Each structure stands twice: as structure tokens, then as C-alpha cells.
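Reader: Hey, can you walk me through this one? I'd like to start with how the chains meet.

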Amino acid sequence: MLISNIEIIPGKKIVKHLGMVQGNTVRTKHVGRDLMAGFKNIFGGELKGYTELLNDAREEATRRMTEQARAIGANAVLNVRFSTSSIAAGAAELFVYGTAVVLEP
Amino acid sequence: MGNIVVFFVLLSLGYVVGRAAERNHFKSIRKRERRYRNILCFSERRPPPDLTLPVNTILVSGNVVIAVDYFKVVAAGLRSLIGGQVHAFETLMERARREAILRMKEEAKRHGAKLIINVKLETASITKGQRQQARCVEVFAYGSALVSAQEK
């Protein structure tokens, strides 16, 4: 499965458009990480726990999108966009969407 | 009285440690930027016309979450009384953005790419509107790395 955020893949032809596919996940952090983050707020610096958390969450969202694309018979997702929103205190939604297509080499 | 002492201890800790951390971070960013200088980043949506085919397209990304130190919070709070430019937060955002781009480049290098097109940057404050919570900002950078398929 090819995933890309450009519309035209060099050297490949789109033979079929299958419409939009999407994947999302809502994550919240746990207390231990938050406690550490509290300390970090005095000294500043990177919050590695949060970086990992958001990275994992994005992978999960992408995986869901890929599954959806595979289910409708696509072999690529193009023009992929990521979006983040904080929906409630301490919870963030990671959302990824793109166009499912069939590519021919 | 105790509160004031705690406040000043936190303020000076944030100032001293936060500034040292920022200086080291900028130093490390500059060093790594020189190392990855040969990987080109474009926000252009289309691949360059002189691209040699065939190429593989890989989605590469990098993210970073950076916390605000106590001194910056206080400095920004004072600044909001009179308005204007908040330098403390500007450097914070710059650090986060450059770091995210660097991490994206690191991933591109692992795939052997020399070119990243359609680079998008996304900023999110993941803990918005919470008091007594970590104040931090996330920057996420992503783009399409083009890897020449012939070299492999």
C-alpha cells in the first residue's frame, strides 16, 4: 500500500478513483506521564513521552485508514493530510484522510 | 510569604535551566542541520520536472512535543498585559519546528532519499485550556520523500 501526500506519483498512472478514506484515534495521556510533564513545565524541554504517544497515535490512525482503503480494493492512498484537534481537556484526536486510488505502474 | 519564595525559586530555576536547555538545543539543531543539508525540502506540490524515473515515493514524518518552562510562562503573562511580541514563545516555536523538520529528514535519510516534496507543517497545542497541566506545543512535519529506484 502506497501512502503519499502528493497527488501525482511520478511514473505511475491512476486508473481508478475510489473516493475518500479516513482513519482517526483519540488518545489521552496517563497520570505518570503527566506528573513528569509537570516537572518539565518548570525546566522546559522536550516531552519524550508525549512525542511517542502522538507518534503511536498517528500510526494507528494511518493503519485504520490503510485498512479502509484495502477493503475497497485500493492499492494507494494519495493526497494524505494529517490533522490534530484537542476535543476535551487532556484528550487529543489524530485524524488522517486521503483519496483511495488504484495505481498502475 | 512561602508562596513568594516558591515563585522566585521556580522562576529562577526556569530561567537558568530553561535558557541552558534552549541554548544546547539550538546548538544541536544547527549541528544536525549541517549534517542533513544535502536533503532538500520543498513545499512544492509537484515533483521537479528533471526528475529521473523510476522513483519510489515514501511518506516521511517527524514530530516533537516541547514544554514551556516556568520563566517563559511568566514572561508571556507579563507581556500579555501590554501586548506585543512575545520573544520567549517565538524561540520555542522555532525550536519545535526546526526539530520536527530534522526528524523528518532523518527518516528520509534512512530511506536513502535526497529530496522531500510537499512538506507540510502542523502545529497543535495538545493541552489547551487546562490549568495545572503541562503547557506544551506539538509540531508535526510531513512530506513525500522521493527515492531513486535505480540506485538500489
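Reader: So how many residues of chain B are in contact with chain A?

Author: 45 residues of chain B are in contact with 32 of chain A, where contact needs C-beta atoms, placed from the backbone, within 7 Å. This is a predicted model, in which local features need pLDDT of at least 70, side-chain atom pairs count only at pLDDT 80 or more, and totals for chains, interfaces and linings use all residues. Residues are numbered from 1 along each chain as its sequence is written, with chains lettered from A and ligands numbered from 1 in the order in which they are written.

Reader: Which element gives the largest share of B's side?

Author: β2(B) does, with eight residues. Helices (H or I, at least four residues) and strands (E, at least two) are DSSP runs, numbered from the N terminus.

Reader: And what does β2(B) pair with on chain A?

Author: Strand β3 of chain A, residues 45-46, in the antiparallel sense over two bridges; pairing takes at least two DSSP bridges. Gly45(A) stands opposite Ala67(B).

Reader: Switching topic: at what angle do α1 and α2 of chain B pack?

Author: About 110 degrees, with axes 6 Å apart. Axes are lines fitted to C-alpha atoms, for helices over the stretch in contact, and angles run from 0 to 180 degrees between N-to-C directions. That makes α1(B) roughly perpendicular to α2(B), a label for 65 to 115 degrees.

Reader: Which residues of α2(B) make that contact?

Author: Tyr70(B), Phe71(B), Lys72(B) and Val74(B), facing α1(B) residues including Leu10(B) and Gly14(B).

Terms used: Parallel < 35°, antiparallel > 145°, perpendicular 65-115°, else oblique. Contact = placed C-beta atoms within 7 Å.
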